[in-house]
Amino acid sequence: MEKIKNILNYTFNLTNDISISVKGILLVISVIILTSILLNTFRKILTRRLPNEDKAKFKILFGYGKWIVYLIILLLTFHGIGVNVTAVFAASAALLIGVGLALQTLFQDIIAGVLILIDQTIHVGDIIEIDGKVGRVDEIKLRTTRAVTIDNKVLIIPHHLYLTNSSYNWTQNGSTTRESVVIGVAYGSDVQLVKKLLLEAANNHDLILKQPAPYVFFTNFGDSALEFKLVFTLNDSFQGAIPKSDLRFEIDRLFREHNISIPFPQRDIHIIQKPQ
């Protein structure tokens, strides 16, 4: 027993200021093994509900973060067993602060990407709107989301924008969305006829769903027009600009046939002449 104790207490002098015993080395190895087990367990808990593709992305990111945790645990353990690592702590702190400031946006992108992978707010195929831009999600990476716009342009969205901007997921509640077309008619028009013609235009369009049925709202008595909103449901809101344009063409045709005019804004100008 005394021999084993002597072996455990045997000290290696690495430098003039740094020395470590065999017992300390075994303790460091035990801490690293325990940390590895805890980190792997934590990773499995976080990713148990993720799709396999997202699990692979998270595992790559977790691998980088794991080395940082190992470094911190290693330094703390050395400090706990009496190894002088003050200089290492100071150098590491300065390095980490410098790297953190230089890569602040990158870290924000990665953290936001992890949150997206965990809470599953965005999926491939979703139609999203952020900062006034709309696109169908094609790929979600750790740092960016790749979306394709209606013009077939690739939209690269850094994930930190989800933290600083309001974003809309058009299809999270399903593929159908409510769309609308706003129209104004002249004062004195038959409002019931206007409602009938708007519903006729919507019901005759192939891309507009019959259920829920289109509806017309009489929204306001405007400055120069009676204002209506035609509300309808689409199964593919990403192509919403096409049926909206078709509806405007059809509404204009129907209004012309029934002598319903669409007014333009008018203003009365009174010119007052000063007496000579």
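## A five-stranded open sheet

Strands β4 and β5 form a hairpin, with three residues between them. Before going on, a word on the model: it is predicted, so to speak of local features a pLDDT of at least 70 is needed, side-chain atom pairs count only at pLDDT 80 or more, and totals for chains, interfaces and linings use all residues. Residues are numbered from 1 along each chain as its sequence is written, and side-chain values use heavy atoms, with hydrogens and water left out.

Some terms help here. Strands are DSSP runs of E with at least two residues, numbered from the N terminus, and two of them pair if DSSP finds at least two bridges between them.

A second hairpin follows: β5 and β6 have five residues between them, and N152 in that turn has a positive phi of about 65 degrees. A147 links the two hairpins nicely, as this β5 residue stands opposite V137 and also opposite L155 in β6. At the other side of the order, E129 has Y168 of β7 as its bridge partner.

| Antiparallel pair | Residues | Bridges |
|---|---|---|
| β4 and β5 | 133-140 and 144-148 | four |
| β5 and β6 | β6: 154-158 | five |
| β3 and β7 | β3: 127-130 | three |

Taken together, the five strands make an open sheet in the order β6-β5-β4-β3-β7, with antiparallel pairing. β6 and β7 (167-169) stand at the edges with a single partner strand each, so one side of each has no neighbour in the sheet. Neighbouring strands of this sheet are turned by 40 degrees against each other on average, direction ignored; the axes behind this angle are lines fitted to C-alpha atoms.

Note on methods:
Axes are lines fitted to C-alpha atoms, for helices over the stretch in contact, and angles run from 0 to 180 degrees between N-to-C directions.
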